[in-house]
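Visitor: I am new to this structure, and I would like to learn how its descriptive terms are earned. Could you show it to me and then take my questions?

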Amino acid sequence: MSGTRRRWPAKLALQPLPSAPWAEQTPTYQDADPALIDAALRWSQRRPSGNWYVLAASAEVRGDRALGVTIGGVELVAWRDAAGALRVGPGACPHLGAPLALAAVDDTALICRWHGLRVDAAEPARRWCAYPVHDDGVLAWVRLDTLGGETPTDTPVLGPRPADTAIHAVTTVTGVCEPRDIIANRLDPWHGAWFHPYSFARLRVTGTPPRREITEENHRFVVEVTFRVTRGLGVPVVAEFTCPDPRTILMRVTSGEGTGSVVETHATPIGPGLDGRPRTAVVEAVIATSERPGFRHTRKALPVVRPLMKYAATRLWRDDLAYAERRYRQRTGV
């Protein structure tokens with residue numbers, strides 16, 4: 001294989017990977033400084049959010065039926081009106097508390113199935129009033145000022161995205177932890193090739209924030225990594241990790257194949273489960289782009305590509321949720 005690597009064209013996106021056993025990787029524990037990870041986490045938690053929370057994938061909210069979700073213990077209902085606009089309001093009927101997630105959709109209004117009460121997002125009322133929303137075509141957002149307690153903003157705080165977001169996939173998984181445990185997981189890029197060898201190889205962290213005086217300009221983690229496609233082939237890239245808000249980690253490819261592609265990891269608090277422990281929804285959006293001429297044809301293959309993108313993200317989070325949940329238990333003793 002070494003001879004093949006020497007003859008392999010350097011311009012190809014796919015590059016051969018060495019066949020070294022997993023245990024022979026260079027250890028990263030000396031570089032994965034707990035104090036640095038904690039400092040980056042503390043800084044991220046001071047970022048403003050404008051009180052915006054990711055509700056769901058944009059495609060999950062439909063016009064033919066309501067969607068019920070809970071954020072921070074607040075019961076919500078979401079739907080689309082006849083024009084396709086996102087609508088979100090309190091999830092309990094103001095009459096007797098029936099679940100509006102079971103209501104009938106009638107344009108901007110919902111009709112409760114228990115007694116026929118009509119609540120209209122376009123007509124604010126004292127007992128039931130819709131919330132501010134944002135729909136970016138990938139994710140649906142809601143602004144909850146009472147829950148967030150910050151100075152509200154007109155739109156969510158978003159990091160850079162490709163100009164064309166059509167090639168995307170959104171995965172949602174739920175863990176027994178708090179949003180900060182999800183963010184802490186992503187602020188430890190050193191674990192990638194060790195904990196996820198099926199996805200990452202040759203990972204090297206080349207840039208980190210300082211332990212003190214972290215700012216907007218210096219808070220990035222920079223990583224050289226190869227995304228594994230097969231056992232022997234991968235796509236090498238350079239990526240940066242940033243925190244646009246306290247519940248989001250943005251990984252953006254800055255060099256290599258797919259430059260400009262992003263992975264947005266959003267941690268939305270759900271509230272306590274029946275056991276009293278917190279639940280957090282991880283909503284991860286992968287938005288792909290490429291300058292290669294043939295990439296435009298990916299749109300035609302979306303019915304095949306999107307499930308593969310979701311499968312890869314879900315597999316990663318199956319492992320990382322165990323990591324985040326363990327961190328929560330160790331941190332709280334619960």
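**How the terms are earned**

Guide: Let us begin with an open sheet of three strands, whose order is β6-β7-β8 and whose pairing is antiparallel. This is a predicted model, in which local features need pLDDT of at least 70 and side-chain atom pairs count only at pLDDT 80 or more, while totals for chains, interfaces and linings use all residues. Residues are numbered from 1 along each chain as its sequence is written, and side-chain values use heavy atoms, with hydrogens and water left out.

Visitor: What makes β6 and β8 edge strands?

Guide: Strands β6 (104-106) and β8 (118-120) each pair on one side only. A strand here is a DSSP run of E with at least two residues, a helix is a run of H or I with at least four, and both are numbered from the N terminus.

Visitor: How do you know that β6 and β7 are paired?

Guide: Two strands pair if DSSP finds at least two bridges between them, and three bridges join β6 to the antiparallel strand β7 (residues 109-111), so the requirement is met. One of the partnerships sets aspartate 106 against alanine 109 in β7.

Visitor: Which strands stand at the edges of the sheet β3-β4-β5, and why is one side of each left without a neighbour?

Guide: That open sheet is made of three strands with antiparallel pairing. Its edges are β3 (67-71) and β5 (86-90), and because each has a single partner strand, one side of each is left without a neighbour in the sheet. The twist from one strand to the next averages 30°. Five bridges link strand β4 (residues 74-80) to β5 in the antiparallel sense, and tryptophan 79 has arginine 87 in β5 as its bridge partner.

Visitor: Why are α4 and α6 called oblique to each other?

Guide: Helix α4 (residues 179-186) and helix α6 (residues 302-332) pack at about 120°, with axes 9 Å apart. Angles run from 0 to 180 degrees between N-to-C directions, and the axes are lines fitted to C-alpha atoms, for helices over the stretch in contact. Angles under 35 degrees count as roughly parallel, over 145 as roughly antiparallel, 65 to 115 as roughly perpendicular, and the rest as oblique; α4 and α6 are therefore oblique.

Visitor: What makes α2 oblique to α4?

Guide: Their packing angle is about 130°, with the axes 10 Å apart, and that makes α2 oblique to α4. The contact (heavy atoms within 4.5 Å) is made by Ile37, Leu41 and Ser44 of α2 together with Arg180, Ile183 and Ala184 of α4.

Visitor: What makes the pair of tryptophan 22 and tryptophan 194 edge-to-face?

Guide: Rings of Phe, Tyr and Trp (its six-membered ring) pair if their centres lie within 6.5 Å, and planes under 30 degrees apart count as stacked, over 60 as edge-to-face and the rest as tilted. Tryptophan 22 and tryptophan 194 lie 5.0 Å centre to centre with 80° between the planes, so the pair qualifies as edge-to-face. By this rule the count comes to five aromatic pairs.

Visitor: Which parts does this pair tie together?

Guide: Tryptophan 22 lies in the loop between β1 (15-16) and α2 (34-44) and tryptophan 194 in helix α5 (residues 192-195), so the pair ties together parts that are 172 residues apart in sequence.
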